[in-house]
Amino acid sequence: MDSNQIALVQNTWEKVKPISETAADLFYGRLFETDPSTRELFKVDMNEQGRRLMAMIDTAVINLTQLETVVPAVQDLGKRHVDYGVKVEHYDSVGAALLWTLGQGLGEDFTSDAKAAWTEAYGTLAGVMKEAAAKAA
């Protein structure tokens with residue numbers, strides 16, 4: 001990611017944070033609608049899961065300029081996802097639901113450049129998780 005993409009992700013995320021609870025609800029609603037196989041992966045309180053998701057995204061977004069600081073945590077998350085039953089194809093479903101959610105939450109601020117930047121950010125982090133998951137499997 002270049003510095004412009006990082007800034008775009010960080011700036012748009014600041015606009016999502018005030019509606020993070022709604023964004024989490026939208027995200028999981030969309031994920032379960034488009035990929036019902038993911039519903040069985042969540043055996044926890046979904047409000048708490050939503051808070052965890054938003055906190056994880058916040059940490060990742062804050063650290064995009066120093067990605068090496070979050071890579072170990074992202075790798076660990078990828079390894080844990082194996083135990084939860086996450087399959088490689090679920091990452092595509094999650095990415096699509098995330099982009100859709102951002103589009104809903106940001107409206108006209110979710111420009112094509114913003115979408116490209118978020119796609120790059122998610123792809124980078126999901127790639128780290130998938131690689132760690134493959135090694136753990």
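## Helix 5

The expected span of a helix is 1.5 Å times one less than its number of residues. Helix 5 of this predicted model can be checked that way. It has 19 residues, and 27 Å is expected at 1.5 Å a residue. From its first C-alpha to its last, helix 5 reaches 28 Å, close to that value. The helix covers residues 88–106. After it comes G107. The phi of G107 is positive, near 55°.

Helix 5 has a set of buried residues: H90, Y91, S93, G95, A97, L98, L99, T101, L102 and L106. What covers them includes helix 1, helix 2 and helix 3. Helix 4 (71–84) and helix 6 (112–136) are also among the covering elements.

## S93

S93 lies in helix 5. Is S93 buried or exposed? Its relative accessibility is 16%. Buried means under 20%, so S93 counts as buried.

Two residues touch S93 once those up to four places away in sequence are set aside. They are L31 and D35. With D35 there is also a polar contact, side chain to side chain, at 2.6 Å.

## Helix 2

L31, one of the residues that S93 touches, is a buried residue of helix 2. Helix 2 runs over residues 20–34 and has 15 residues. At 1.5 Å a residue, helix 2 should span 21 Å. Its end C-alpha atoms are 21 Å apart, which agrees.

Which residues of helix 2 are buried? They are A23, A24, F27, Y28, L31 and F32. Seen down the helix axis, these residues fall within an arc of 155°, so they line one face of helix 2. The cover over them includes helix 1 (3–16), helix 3 (46–62) and helix 5.

## Q5 in helix 1

Helix 1 holds Q5. Its relative accessible area is 21%. Partly exposed residues lie between the buried limit of 20% and the exposed limit of 50%, so Q5 is partly exposed.

What does Q5 contact, leaving aside neighbours within four places in sequence? The answer is A116, A117 and E120. Q5 and A116 are 111 residues apart along the chain. Their C-alpha atoms are separated by 8.1 Å.

## The picture so far

Helix 2 and helix 5 each help cover the other: helix 5 is among the elements over the buried residues of helix 2, and helix 2 is among those over the buried residues of helix 5. S93 of helix 5 touches L31, a buried residue of helix 2.

Notes:
Residues are numbered from 1 along each chain as its sequence is written. This is a predicted model: local features need pLDDT of at least 70, side-chain atom pairs count only at pLDDT 80 or more; totals for chains, interfaces and linings use all residues. Side-chain values use heavy atoms; hydrogens and water are left out. Helices (H or I, at least four residues) and strands (E, at least two) are DSSP runs, numbered from the N terminus. Buried means under 20% relative accessible area, exposed over 50%, partly exposed in between (1.4 Å probe, protein chains only). A polar contact is a pair of N or O atoms within 3.5 Å; within protein, one must be able to donate a hydrogen and the other to accept it, and residues adjacent in sequence count only if both atoms are side-chain atoms. Contact means heavy atoms within 4.5 Å. The arc is that of the directions from the helix axis to the C-beta atoms.
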